[in-house]
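Me: I'd like to go through the labels people put on this model and see what backs each of them. Can you take them in turn?

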Amino acid sequence: MEEQAAKVSTSQVGIEWRLDYLQNFAELETQLHQILFRLRSPQSIATCRRVEAGGLFKGSIEEQAQLLEAAVRAGCHWVDLEMESIDRAGPGFIRRFKSVKTIASYHDYRKMPPVGDIYRRMKRLPVQVAKIAGQVRTLADNLKIQKFLKAHHAGNPRLVMLGMGPAGIPSRVLGLKWGGAFTYASPGSHSAVASGQLPVSAMRSIYRVDHLDHRTQLYGIVGSRASVSLSPSMQNAAFNAKRVNAVYLPCETGRLSDFLKFARALGFAGFSVTMPYKRAIIRELDWIDPLAQQIGACNTVAVQRGKWMGWNTDAAAVVEVLTKRLRLAGSRILILGAGGAARSAAFALRGEGAGVFIAARRDAVARRLAREVSAEVVPWGAAEGLDVDAVINATPIGMAPNTDAVPIDLARLRVRVVFDMVYYPMETRLLSEARGRGLTTISGLEMLVDQGARQFEIWTGESAPRALMEQAVRQGFDHPELE
Ligand code: NAP
């Protein structure tokens, strides 16, 4: 506990001590006193959440109160008292802590609770802060949080309101901007005590939660697994470096319509689109770049004078990274896969005058794409003897956790350049085998940074700080929960 707290202890970060996570309370007061003395933490919150309120503490309410009193004697400045205990023990429960500040808290780990009723009850209590946290299922739930925080931020007690779960990340990042008294973060990437909680380091240095204001422009990435995307690290690093007052949020949702409502209500200035919405977003656009239209996939939307404009920066990124290694016109390129990324590559490369071969496990899908771009089909697993300038892996084969898999046996192919779109791990087995054979390699990371840099340039009109964006992605890999 102390080690984790020491990592984050700064003047603007308070520390919540979750006493219910302790196995042994025997030396609590002495030990906590020593730790607080050593850390000189400006604000310490003692919390001992009981099982019935979603915590781990199995003792009685009296035992809970005694532990919290010990924490106050040790030097904590705040105590968090859950509404379940306040309701059961009566108003005398709060009066036991009148020497410190108090938070009345309510957590619902299944849904967003009826916040109006709860806040009305909390307002009658002699506490400084009312905290309401509920599991959110949709991005639109963040809008309810925004509305409630804006309506009550000047009230007494001060309000903290959070959405738990991946879809609630925007409420954690934007909570202070919306008027919340504070927001919560975890000390490290593996120590979150609630779903969707981000590390303090990410909240401060990636999302800069304490610098967002009413002029901050909103961007984000929409996808069914957007909460593990590396794009927020990459794009926020670019915004910070270029001093653009903007924040880029992970917008995870199972329904595109949910994101549309959310992005429109908050006035997003632009966003990235990832699986599985790259095709479905097209019908929401006011204008689409002709190449993106042909490909049938859009990964970048910029909002200009209220109009939604779409591009496909994957296609341009494929051309860019390959052009650095070979002359595309007249070259022969084998694409493995026939999904969205393969389509982007096929259209873009044909447009540059390259000859394209497509191999995919579903022959009919490979044939359809080949017909659209005038390419040749190679049966899946039968590329033996083919002589090409480059091969592109546009399947997820080799992606973690299946890092031993390769999409093709390089020994059976004559090829010079091997390009793997998979970027996790950064060096796939396919790339290390290619390197071992003395072939030129291109990693998915290079493409990821290039397509992201193009998005940044579309949104801001400024040149993207590519080296820094790459560094941010590499650092993102240090958080193993990220893709
Ligand atoms: P997608 O639309 O789902 O297409 C995946 C393709 O791979 C499909 O043709 C699929 O065949 C095939 N496939 C999947 N598993 C396979 C297996 N075990 N054996 C043979 N074929 C298999 O996905 P996508 O958007 O094109 O993405 C493909 C890969 O590129 C992903 O790993 C993605 O992360 C990566 N990517 C990287 C970047 C970057 O910036 N580096 C950008 C975009 C995509 P079926 O249709 O039969 O399933």
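Reply: Sure. Helices here are DSSP runs of H or I with at least four residues, numbered from the N terminus. Keep in mind that this is a predicted model.

Me: What makes H14 and H17 helices, and what do they supply to the shell around the ligand?

Reply: A helix needs at least four residues; H14 runs over 340–351 and H17 over 444–460, so both qualify. Each supplies at least two residues of the shell around the ligand. H17 gives the most, with 4 residues.

Me: How many residues surround the ligand, and what makes a residue count as near?

Reply: The cut-off is a heavy atom within 4 Å. By that criterion 22 residues surround the ligand, and the closest are Ala338, Ala341, Arg361, Arg362 and Gly444. The shell splits into 13 nonpolar, 6 polar and 3 charged residues.

Me: Why is the pair between Ala341 and the ligand called a polar contact?

Reply: The limit for a pair of N or O atoms is 3.5 Å. A backbone N or O atom of Ala341 lies 2.7 Å from an oxygen atom of the ligand, so the pair counts as a polar contact. For Gly339, a backbone N or O atom is 3.3 Å from a ligand oxygen, so this pair is also within the limit. Arg362 uses its side chain: an N or O atom there is 2.7 Å from an oxygen atom of the ligand, so that is a polar contact too. As for burial, the ligand taken alone exposes 920 Å², and the protein buries 76% of that. The space taken by the ligand is the largest pocket.

Me: How do you know that E7 and E8 pair?

Reply: Pairing takes at least two bridges found by DSSP. E7 (residues 217–223) is joined to E8 by 7 bridges, so the two strands pair, and they run parallel. One of the bridges links Gly223 to Glu252 in E8.

Me: Why are E8 and E10 said to stand at the edges of the sheet?

Reply: The sheet is open, with 6 strands in the order E8-E7-E9-E11-E12-E10 and mixed pairing. E8 (246–252) and E10 (287–288) each have a single partner strand, so one side of each is left without a neighbour in the sheet.

Me: What makes the peptide bonds before Pro276 and Pro401 stand out, and where are these prolines?

Reply: Met275 and Pro276 are joined by a cis peptide bond, with omega about 0°. Pro276 is in the loop between E9 (270–273) and E10. Ala400 and Pro401 are also joined by a cis bond, with omega about 10°, and Pro401 lies in the loop between E16 (390–393) and E17 (417–420).

Methods. Residues are numbered from 1 along each chain as its sequence is written. This is a predicted model: local features need pLDDT of at least 70, side-chain atom pairs count only at pLDDT 80 or more; totals for chains, interfaces and linings use all residues. Side-chain values use heavy atoms; hydrogens and water are left out. A polar contact is a pair of N or O atoms within 3.5 Å; within protein, one must be able to donate a hydrogen and the other to accept it, and residues adjacent in sequence count only if both atoms are side-chain atoms. Accessible areas come from the Shrake-Rupley method with a 1.4 Å probe; for residues, only the protein chains shown count as cover. On a 1 Å grid over the protein atoms alone, a cavity is a set of points where a 1.4 Å probe fits but cannot get out, and a pocket is an open set with protein on both sides within 12 Å along at least five of seven lines; lining residues have an atom within 4 Å of a point. A molecule sits in a cavity or pocket if more than half of its atoms lie within 2 Å of its grid points. Ala, Val, Leu, Ile, Met, Phe, Trp, Tyr, Cys and Pro count as nonpolar, Asp, Glu, Lys and Arg as charged, and the others, Gly among them, as polar.
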